[in-house]
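Okay, thanks for squeezing me in. I'll put the sequence and the structure up, and then we can walk through them together.

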Amino acid sequence: MTTPKKQRTLTEPFKIKMVEPMRVTTEEERVETLKTAGYNPFLLRSDDVFIDLLTDSGTGAMSQNQWAGMMQGDESYAGARSWEHLQRVVRDLTGMPHVLPTHQGRAAERILYGILGGKGKVFISNTHFDTTRANIEFSGAIAFDCLPAEANDPGTELPFKGNIDLQHVRDLIIEHGRENIGAVILTVTNNSAGGQPVSMENAISLRKLCDEFGLLMVIDGCRIAENSYFVKHREPGFENKTYKEIAQQMLNLGDAFIMSAKKDALVNMGGLLTLKDDKLAVKCTNLLIISEGFATYGGLSGRDMEAIAIGLVEVFDKDYLHYRIKSTQYLGDHLISKGIQVVRPIGGHAVYVDAKSLYNHIPVEHYPGQALVCDLYLKGGIRCVEVGSVMFGKYDEKGKLIPAAMELVRLAIPRRVYTQSHIDFVIDVFDDILESKHENKGYQITYEPEFLRHFTASFKPIM
Ligand SMILES: *Cc1c(COP(=O)(O)O)cnc(C)c1O
């Protein structure tokens, strides 16, 4: 395919072989279903959702090759063929000898941070993903995010807004003492900070900093292929490298790699932990066997490992990555053209709408992000998630909300699932939102658990 001279329709580089019907609901029905769900879209039934942009995690469509691979999965308890296939692909990608299969990313996090964490330990990241932070804090350790100031301004166009602030990392290491640092974690792409990429230069500098202090560098890299796309197209010197070569170079910088296979491995379930250090690998393998499964399958069946091994190769296909990044951008660009503020530039897996500016009549204590999430469902049956003070807010001693840095709403795009007409529908729903947003006065939390409250909290509308 040659590149057309003028902008043409963005075509999906695949065609449909099997269809999954979608149920169309009315706004009256959705008023009721949302109320029953406590105004928390995580508690909706998927049958009541039309377009599900809640997450790109585990929601992708597998290819015919992956489905064919499933049929060839070797379900042997030990030393399965499918395990060898997965191990080969992952070693090639990461350069790390020890590969531990887990049932999803957070299981790898629990194993690694359970060992490295504990009371008195400190973890430093560009941004800890919510399960990462929860696993670290659950161990008794504390987690610091180090984003440069400009990354917290949704409007500034910079090529690598996911980068870690190296000076801030250095200050934290000195403040807390190098012996108390559990690990430094580079999240690639930076999911919670707008799906923004991390540059190779930043990753190399972090490697040097970790070497200077003798610290372990973990790459939380479930979107490593999407990040490689941005490196190739935005960072000088990488124009002629393949996406896979870029990923290999970046992963090689780490001492450990954690991956939720539900993202760039193009499967519905699975995770990986890979390590360079032999002693740490023994400790992690012991915990893996206690809690996930034997070392050659961990939390996965043979067919799952086969599908991951195939997905990890497919995801670096240049036509796939072009479509993936450009279709996400398409949604973002159309929202921008309506005057809606989004995190810019558009990230890889999602469009993050700045709900604070869209719902500027709602104070942060009444969660403008949750207001937009609820309106998108009411107007269009679209499900998405708040990434703001519901997800990251804390309370001070007096019980007053300490808000998150930004009030975002994430429209995450499942991989290879929705077509351009679905995305055009989402864009249309924003016209309704712009018309009716003033009717929404925000929400108040009526129930919340101690950890990861956004999953199970309930709300009620402010009247
Ligand atoms: C999804 C995700 C995780 C957790 O993985 P699960 O498979 O959902 O347990 C960890 N880190 C990042 C950056 C993620 O996006």
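Let's start at the ligand: how far does a backbone N or O atom of Gly105 lie from an oxygen atom of the ligand? The value is 2.9 Å. Before I go on, keep in mind that this is a predicted model.

Staying with the ligand, have a look at Ser260. An N or O atom in the Ser260 side chain sits 2.6 Å from a ligand oxygen. Then there's Lys263, where a polar side-chain atom is 3.0 Å from an oxygen atom of the ligand. As for how covered the ligand is, on its own it has 380 Å² of accessible area, and the protein covers 98% of that.

Who does the covering? Two elements give two or more residues each to the shell around the ligand, namely helix H4 (105–116) and helix H5 (130–138). H4 gives the most, with 3 residues. In total, 15 residues surround the ligand, and the closest are Gly105, Arg106, Asp220, Ser260 and Lys263. By character, the shell splits into 7 polar, 6 charged and 2 nonpolar residues.

Okay, zooming out for a moment. The chain has 17 helices and 16 strands. Its C-alpha atoms fill a box of roughly 60 × 55 × 45 Å along the principal axes. For 463 residues, you'd expect a radius of gyration near 23 Å from a compact globule, and the chain comes in at 22 Å, so the two agree. Of those 463 residues, 58% are buried.

Now, salt bridges. Side chains of opposite charge can pair when their charged atoms come close. In this structure there are 26 salt bridges, and I've picked a few to click through.

First up on my slides, Glu212 and Arg170. Their side chains meet in a salt bridge at 2.9 Å, N to O. This one links distant parts of the chain, with Glu212 in helix H7 (residues 200–213) and Arg170 in helix H6 (residues 166–176), 42 residues apart. Are these two buried, partly exposed or exposed? Glu212 has 49% relative accessibility, so it counts as partly exposed. Arg170, at 26%, also counts as partly exposed.

Next, back to H7 for Arg207. Arg207 pairs with Asp255, and their closest N and O atoms are 3.1 Å apart. Again the pair links distant parts of the chain: Arg207 is in helix H7, Asp255 is in the loop between helix H9 (243–252) and strand E7 (256–260), and 48 residues separate them. Here the partners are buried: Arg207 has a relative accessible area of 13%, and Asp255 has 17%. The cut-off for buried is under 20%, so both of those values qualify.

The next pair is Asp264 with Arg415, a salt bridge with the closest N and O atoms 3.2 Å apart. How many residues lie between the two ends of this link along the chain? They're 151 residues apart, with Asp264 in the loop between E7 and strand E8 (271–275), and Arg415 in the loop between strand E14 (408–412) and helix H16 (420–436). Both Asp264 and Arg415 are buried. And they belong to a network of salt bridges that links Asp56, Arg223, Glu226, Asp264, Arg324 and Arg415.

While we have those two loops on screen, let's check the backbone. In the loop between E7 and E8 you'll find Leu266. Leu266 has phi near 60°, a positive value in a residue other than glycine. With 4% relative accessibility, Leu266 counts as buried. Over in the loop between E14 and H16 there's Arg416. Arg416 isn't a glycine either, yet its phi is positive, at about 60°. Arg416 is buried too, with a relative accessible area of 14%.

Last item, cis peptide bonds. Which bond should you click on around Thr189? It's the one from Val188 to Thr189, which is cis with omega near -15°. Thr189 lies in the loop between strand E5 (181–187) and H7. There's also a cis bond joining Arg344 and Pro345, with omega about -10°. Pro345 is in the loop between helix H12 (318–337) and strand E9 (350–354).

That's my tour, so over to you for questions.

Methods: Residues are numbered from 1 along each chain as its sequence is written. This is a predicted model: local features need pLDDT of at least 70, side-chain atom pairs count only at pLDDT 80 or more; totals for chains, interfaces and linings use all residues. Side-chain values use heavy atoms; hydrogens and water are left out. A residue is near a molecule or strand if one of its heavy atoms lies within 4 Å of it. A polar contact is a pair of N or O atoms within 3.5 Å; within protein, one must be able to donate a hydrogen and the other to accept it, and residues adjacent in sequence count only if both atoms are side-chain atoms. Accessible areas come from the Shrake-Rupley method with a 1.4 Å probe; for residues, only the protein chains shown count as cover. Helices (H or I, at least four residues) and strands (E, at least two) are DSSP runs, numbered from the N terminus. Ala, Val, Leu, Ile, Met, Phe, Trp, Tyr, Cys and Pro count as nonpolar, Asp, Glu, Lys and Arg as charged, and the others, Gly among them, as polar. A salt bridge is a side-chain nitrogen of Lys or Arg within 4 Å of a carboxyl oxygen of Asp or Glu. Buried means under 20% relative accessible area, exposed over 50%, partly exposed in between (1.4 Å probe, protein chains only). The radius of gyration is taken over C-alpha atoms; the globule rule is 2.2 Å times the number of residues to the power 0.38.
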